[in-house]
Structures are given as structure tokens and as C-alpha cells.
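Colleague: Could you walk me through this model before I write my notes? I am new to this, so plain sentences would help.

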Amino acid sequence: MKDNIMKNYGRLDITLEKGIGSKVFDTEGKEYIDFVSGIAVNCLGHSHPAILKALNEQSEKLIHISNLYWNEPQINLAKKLIDNSDHKEAFFCNSGTEAVETALKIARKFGKNKKGKNKNEILYMENSFHGRSLGALAVTGQKKYQTPFMPLMEGVNSVKFNDIDDLKSKINGNTCGVIIEPIQGEGGIEKVDKEFLKKLRVLCNEYNALLIFDEVQCGIGRLGKLFAYESLEVIPDVICMAKGLGGGFPIGAVLTNKKASVLKKGDHGCTFGGNPLASQVSLAVLKELIDGRVIKKVKDKENYIVGKLKKLKDKYEVIKEIKGEGLLLGIKLNDKPQKLLNKTLDNGLLLVGAGKNVIRIVPPLNVKKEDIDKGLDILEKSIKVIY
Ligand SMILES: *Cc1c(COP(=O)(O)O)cnc(C)c1O
């Protein structure tokens, strides 16, 4: 009974049953092109053989043991992430929110380790999204999420996204960390300004605060590099990731550099975090993305899709702007997105909104040209009917 499930989601009324590549099928057998990927999660599409192999082989050996002991998949996964980043240590958890919580605790501990008892303030950006637990919600700069759950965690302050003057007026010696999404995903595919980011890095160094990138949505190959920071010429002290990291299997992680490696025995933990099954699947995903050269082809796919979207923009007035980067793209409409989302669903294409008037295009990173063509044809057909 659907009634037995809490009413906290606004679901579309279809039930999905199976998927292959960039396609999913509902219980009636209807096919959909999947440009949502479980919200930027299924980076290798559905039923990818590398994921199935890792799931099958590892589940026959060992699924879970807790972090009272070592397991090789977790060690190997950490090595893969560290070898491909500028960072030093990894912590594993199960979700993006947990990764953000971990980063916030790291910032607080970092502040506690410094002189001056009030170094505990965390800055975040307006219109951000970092998760819905009470800590992550306190740094999620959107009133609609925060208001029903006040009071939230103290010791936080918000900065206008991309506003250097506002940042300068808020950051000070009591700031222990600043958290930012390189591209605000949920907030409407808003890119960070490179100059703002460079200035933020300088100010974090000046005031000795940790710079935390929430790459939960824009990381793991979405922007054409394994990490979003690689395309931004700024290296954060802490990176939060999840979504694409397990290709659909739940796993989150935090990477820290030497400066941010402050957690000691007993400071933090996660029962399921880095379990052998999740770690082995994630390792298989990263091998496919990096060594299988899936990430290398993301920019070509971006160019192909953006080229087509720009033509649609020239043709249909309802499209105001093409936004985003890599395969984290957005179409800004001069209307609320729901009507169009319902129509594309009818016509066999899954899309998801972002912010007030943006439709997100976040296909699997290995999406095939023929599926891109099919999806964008459905999009055009749907626009034509409504507008
Ligand atoms: C989705 C998301 C989160 C929360 O991740 P969950 O896995 O849903 O907990 C945090 N930050 C960003 C940028 C996200 O897109």
C-alpha cells in the first residue's frame, strides 16, 4: 500500500521496475529515456556489467564487518581516490548528507584546535543545498527547507553566492570553515564565479579557515574531471562526495588534506561506512570512469548536447538560457517547469527540476548518442505541444 509510506516526497505517479543503460521501464512496460540518473547518481547507467560483477563477487565474500576491523575494498577505494586527488585521507559514509555532517565536524574540530575559543563559525552560501539533517540544513541557504525545523544549529552565517564584498564582510578570525558547491545543483545549476572562488581560497588561508567543497552532485566526473575542483584552479581542504560515487549503490566520502586531517579516535564514525560491498562497487565504478575513459568523453557529450539545446533555445521563446557544465546541465525557462516535466514524462523522458524555473539534464556519464538524440527529440516534441 502506497499509504504506508510517509508523504514527504512529491512523486510522479509511475512505478519503475527495471533499467538498462540510459533507459528505464515502468511496471506497464513503458520505456523512458533517463536524463535524471536517480539525481546524478547512476553515472554508468542502469545494470552496468562492471557494477553487477562487483556486487555479485563481493556479496559472495563479505558484505559488512563494521569499522572495528580493516577490509581490503575500503583500503583500495581510499587509495584510488587519494591517487587521483591532491588530498591525503578518506572517510567513508553512506550519503551526501553524512559527508557534509562529517565536513562540518572537521571544521569545528579544526577551529577547536586553534587558539581562541570562539573559532567555530561556519559560512555557507545563499541558495545552497547540502542536505536535510539538522547540521546540513543549517548550512542549506534556502528558507523553504529551513523554516519548518527552526531552531537550527548555531554558529553559522550565510554569504551571497559569488559576492566578494559580502564574503569579505562575513569572514573573520572566528571562521573555522566555509562550505560551497562549485555548481549549485538543487538551487538551479548556478556556477561559482572563478574569481570569487580564488578570492575565497585566499581569504580562507588568511583567516585560517577550512575551504570545503560539496561535490556531492557536481563531482565524480560530472564536469568532465573526476573532481569538480580540478576544473576550477582552486584546491579545497575538504571534499564531500556521494551520489555518483557508488553508481547507484549508497556510499559517501570525505577527502581531507594534511591541514584538515584533525579527527582522532572516537571523534566520528559510521557503522556501515566503507563496508566491503559498497567499497568494492565504488572501486569498480571509479575504474570504469577513470581507466575505462568514461570521464574523458564527458566534454564531447556536453558539447553535443549543448549544441542541440542552443538550437532549441533559438527556436522556442520559453527557453531563456542553457546553464551548467559537463553533464550537469540546465534549461532555464520563463515558466515553472512542472507542465513541461509532466509532458516529457508522458512522452517517455525523465527530467527533474532545479530551483524555481530550471530543468536539469543529468544523464548517465556514458549516455549513448542515440539516447541523447531520442531524449532531446522527446523534449522538443513536448515543448512544441505546450508552447
Ligand atoms: C544531494 C545532495 C546532498 C545530499 O545528499 P544525500 O545523499 O541525499 O544525503 C548534499 N549536497 C549536494 C550538493 C547534493 O546535491
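Colleague: Let me start with two rings: are Phe-227 and Tyr-229 buried or exposed?

Modeller: Both Phe-227 and Tyr-229 are buried, where buried means under 20% relative accessible area, exposed means over 50%, and partly exposed is in between, with a 1.4 Å probe and protein chains only. Please keep in mind that this is a predicted model, in which local features need pLDDT of at least 70 and side-chain atom pairs count only at pLDDT 80 or more, while totals for chains, interfaces and linings use all residues. Residues are numbered from 1 along each chain as its sequence is written, and side-chain values use heavy atoms, with hydrogens and water left out.

Colleague: How many aromatic pairs does a search of the whole structure find?

Modeller: The search finds two aromatic pairs; rings of Phe, Tyr and Trp (its six-membered ring) pair if their centres lie within 6.5 Å, and planes under 30 degrees apart count as stacked, over 60 as edge-to-face and the rest as tilted. Phe-129 and Tyr-145 make an edge-to-face pair, with 5.5 Å from centre to centre and 70° between the planes. That pair links distant parts of the chain, since Phe-129 sits in the loop between β5 (121–125) and α5 (134–138) and Tyr-145 in helix α6 (residues 143–146), 16 residues apart. Helices (H or I, at least four residues) and strands (E, at least two) are DSSP runs, numbered from the N terminus. Phe-129 and Tyr-145 are both buried. The ring centres of Phe-227 and Tyr-229 are 5.8 Å apart with planes at 20°, so this pair is stacked.

Colleague: Which backbone nitrogen lies 2.7 Å from a polar atom of the side chain of Glu-230?

Modeller: That is the backbone nitrogen of Phe-227, and the backbone nitrogen of Leu-226 lies 3.3 Å from a polar atom of the Glu-230 side chain. A polar contact here is a pair of N or O atoms within 3.5 Å; within protein, one must be able to donate a hydrogen and the other to accept it, and residues adjacent in sequence count only if both atoms are side-chain atoms. Glu-230 itself is in the loop between β10 (210–214) and β11 (238–241), and it counts as partly exposed because its relative accessible area is 32%.

Colleague: Changing topic, which residues are around the ligand?

Modeller: Among them are Ser-95, Gly-96, Thr-97, Phe-129, Asp-214 and Lys-243, and a residue is included if one of its heavy atoms lies within 4 Å of the ligand. A polar side-chain atom of Lys-243 lies 2.6 Å from an oxygen atom of the ligand, a polar backbone atom of Gly-96 is 2.9 Å from a ligand oxygen, and a backbone N or O atom of Phe-129 lies 3.4 Å from a ligand nitrogen.

Colleague: Anything odd in the backbone, such as where Phi is near 60°?

Modeller: Phi of Glu-233 is near 60°, a positive value in a residue other than glycine, and Glu-233 lies in the loop between β10 and β11. Glu-233 counts as exposed because its relative accessibility is 56%. Ser-37 has a phi near 55°, again positive in a residue other than glycine, but Ser-37 counts as buried because its relative accessibility is 0%. The peptide bond from Met-150 to Pro-151 is cis, with omega near -5°.

Colleague: Why point those out?

Modeller: Because most residues other than glycine have a negative phi, and most peptide bonds are trans.
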